[in-house]
Amino acid sequence: MNVHEEFEEQEVLLSEQPVHLWRRRKQELLHWTERDKRTVSPKRTVIWNGVEVDAELVRSLSLLHEAGVQTEFSCAGVSPLDEPVDHSLYAYVTLIQSKAAEQFVNDAILRMRNRLLVTFEKGRGRYDLSSFFIGHNRSFCWWMEQCALDFKRRNEAGKPDVL
């Protein structure tokens, strides 16, 4: 088994981006690596559920938690222009496999379309959701928050009131 086959067995691509967008992404990566990088503002992190996370994702993570979706890792990445050294090239959120997580992933794919890259790691039982485009980390955080808010609202609307 070669490395590519092993990767395919471990991760399944769930989102669908057209070939021209993959080319655009590769160009963005090349431009980013060549660009002059300087810090505009530092990365902001907070402790959430005992874990250090990017401040830009706290509300999304809280909404997902309240909707019954367990998260494992997350990184808003901030903008490469804000903090070129201490950032992730892509913003991402990792969800633990569950029925609620699967429903959220499906909703997010429908809503975010080509902005969202989703893989499923079979062996670890988790979904990795990330910004597809480089430099779109803040918009990814905004979209995640909107998707999480709508998902939580729909789940609450479908549940009977408990007195």
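**Exercise 1. State which elements cover the buried residues of helix 5, and list those buried residues.**

Solution. Step 1: the cover of the buried residues of helix 5 includes helix 3 (58-66), strand 5 (92-96), helix 4 (99-112), strand 6 (116-121) and strand 7 (126-131). Contact means heavy atoms within 4.5 Å. Helices (H or I, at least four residues) and strands (E, at least two) are DSSP runs, numbered from the N terminus.

Step 2: the buried residues of helix 5 are Asn 137, Phe 140, Cys 141, Trp 143, Met 144, Glu 145, Gln 146, Cys 147, Ala 148, Leu 149, Phe 151 and Lys 152. Buried means under 20% relative accessible area, exposed over 50%, and partly exposed in between (1.4 Å probe, protein chains only).

Step 3: the model is predicted, so local features need pLDDT of at least 70 and side-chain atom pairs count only at pLDDT 80 or more, while totals for chains, interfaces and linings use all residues. Residues are numbered from 1 along each chain as its sequence is written, and side-chain values use heavy atoms, with hydrogens and water left out.

**Exercise 2. Compare the span of helix 5 with the expected span.**

Solution. Step 1: helix 5 covers residues 137-158, which is 22 residues. Step 2: the expected span is 1.5 Å times one less than the number of residues, giving 32 Å here. Step 3: from first C-alpha to last, helix 5 reaches 31 Å, close to that expectation.

**Exercise 3. Find how many salt bridges the whole structure has, and analyse the pairs Asp 150 with Arg 111 and Glu 56 with Arg 44.**

Solution. Step 1: a salt bridge requires a side-chain nitrogen of Lys or Arg within 4 Å of a carboxyl oxygen of Asp or Glu. A search of the whole structure gives eleven.

Step 2: Asp 150 and Arg 111 meet through their side chains at 2.2 Å, N to O. This pair links distant parts of the chain, with Asp 150 in helix 5 and Arg 111 in helix 4, 39 residues apart. Asp 150 is partly exposed at 24% relative accessible area, and Arg 111 is partly exposed at 30%.

Step 3: the side chains of Glu 56 and Arg 44 form a salt bridge at 3.9 Å, N to O. Glu 56 lies in the loop between strand 3 (51-54) and helix 3, and Arg 44 in the loop between helix 2 (19-34) and strand 2 (45-48), so the pair ties together parts twelve residues apart in sequence. Glu 56 counts as buried, at 18% relative accessibility.

**Exercise 4. Determine which network includes Glu 121 and Arg 124.**

Solution. Step 1: the side chains of Glu 121 and Arg 124 meet in a salt bridge at 3.9 Å, N to O. Step 2: Glu 121 is buried at 9% relative accessibility, whereas Arg 124 is exposed at 59%. Step 3: salt bridges with shared partners join Glu 72, Glu 121, Arg 124 and Arg 126 into one network.

**Exercise 5. Describe the surroundings of Leu 13.**

Solution. Step 1: Leu 13 is in strand 1 (residues 11-13) and is partly exposed, at 44% relative accessible area. Step 2: leaving out residues up to four places away in sequence, Leu 13 touches Trp 22, Leu 117, Val 118 and Thr 119. Step 3: the C-alpha atoms of Leu 13 and Val 118 are 6.1 Å apart, with their positions 105 residues apart along the chain.

**Exercise 6. Give the element order and the buried share of the protein.**

Solution. Step 1: the protein has five helices and seven strands, in the order α-β-α-β-β-α-β-β-α-β-β-α from the N terminus. Step 2: of its 163 residues, 43% are buried.
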